[in-house]
Amino acid sequence: QGFAPAVGGVQQEAAERASCDGETGHELECASIGANRVLEGLERSGEQSPTFEDPDAVADFLGLRDGSAVARTLARDWMAASETRQTEGWRAWQFCERADKPAALRSKYKLYVSPHVDELKTTFPVIVKTLTDMRAPHFKIGVDAAGILRPDKIVVYFSAVDHLQETAGRLKTELSGCPAQAVPFTAELTECGLLSWGMDPPSESQILSWQERLSWRLWVTNQ
């Protein structure tokens, strides 16, 4: 058994998700190339070869299920967000000190942390530690291979832009030199595109009450 039979499906799914969010051809090409590289990393990191679409394989790749430092930090300081339409396709956590504050899940300022997929295994623990130290309210990462291949693979939410900027400054130091996979239609915080930010349009801009709130990038590409 191996990962190879599933590569095409993952590449297609990553492309479809990126297309829905208005990604460019360059990002789709990166997703295709990155699929093979993540395959190799997953294959080296495990004794068995689960299918590439299996979210558990990505969890193992990120060190979420092996008693690692990042797993212990998440268990101690974070609470996994309940599954909703907003968290579909993501692994999401809320900082424990803010777990009784539902507004944290609706924070409008978004920090995009976009390491290249080749660097994700080593940078994810650093990112989680930094977000813990900075007491970020809420963050999420793509749940499966297609999710971590997209540029906006990690999104951190804030209710105050100052808190976002302070956290970004710390991440910029901790992740210095890390290759990036920049997120289109966002405001750069680093020249390489590793860190950027944005905010969603106000909810009152929705036409009908039952419509889902659009992200800024989807709103731009829909114009």
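**Aromatic pairs and strand pairing in a predicted model**

A search of the whole structure, which is a predicted model, finds four aromatic pairs. A pair of aromatic rings is described by the distance of the centres and the angle of the planes. For W78 and F95, the ring centres lie 5.1 Å apart and the planes meet at 70°, and because an angle over 60 degrees counts as edge-to-face, this pair is assigned to that class. The pair links distant parts of the chain, since W78 belongs to strand 1 (residues 78-80) and F95 to strand 2 (residues 90-95), with 17 residues separating them in numbering. Both W78 and F95 are buried.

W78 also forms an edge-to-face aromatic pair with F139, with a distance of 5.0 Å from centre to centre and an angle of 90° between the planes. Here too the pair links distant parts of the chain, as W78 lies in strand 1 whereas F139 lies in strand 4 (residues 138-142), 61 residues apart. F139 is buried, as is W78. Together with W93, the residues W78, F95 and F139 make up one aromatic cluster. A further contact with an aromatic ring is found at W90, where K140 lies over the face of the ring, at 4.3 Å from its centre.

The pairing of strands was examined next, with strand 3 as the starting point. Strand 3 (residues 109-113) runs antiparallel to strand 7 (residues 195-199), and five bridges join the two; within this pairing, Y112 of strand 3 stands opposite S196 in strand 7. Strand 3 also pairs in the antiparallel sense with strand 5 (residues 154-158), again over five bridges, and in this case V113 stands opposite I154 in strand 5.

In a regular strand the side chains alternate between the two faces of the sheet. In strand 3, Y109, L111 and V113 on one side and K110 and Y112 on the other are all buried, and both faces of the strand are therefore covered. Because five of the five residues of strand 3 are buried, the strand is largely enclosed by the rest of the structure.

Strand 7 is joined in addition to strand 6 (residues 187-188), to which it runs antiparallel, by two bridges, and the bridge partner of A187 in strand 7 is W197. Strand 6 and strand 7 form a hairpin with six residues between the strands, and in this hairpin G193 takes a positive phi near 90°.

Conventions:
Residues numbered from 1 in each chain as written. Predicted model: local features only at pLDDT ≥ 70, side-chain atom pairs only at ≥ 80, totals over all residues. Heavy atoms only, no water. Pairing = 2+ DSSP bridges. Helix = DSSP H or I, 4+ residues; strand = E, 2+ residues; numbered from the N terminus. Buried < 20%, exposed > 50% of the residue type's maximum accessible area, 1.4 Å probe, protein only. Phe/Tyr/Trp six-rings, centres within 6.5 Å; stacked < 30°, edge-to-face > 60°. Lys NZ or Arg CZ within 6 Å of the ring centre and 35° of its normal.
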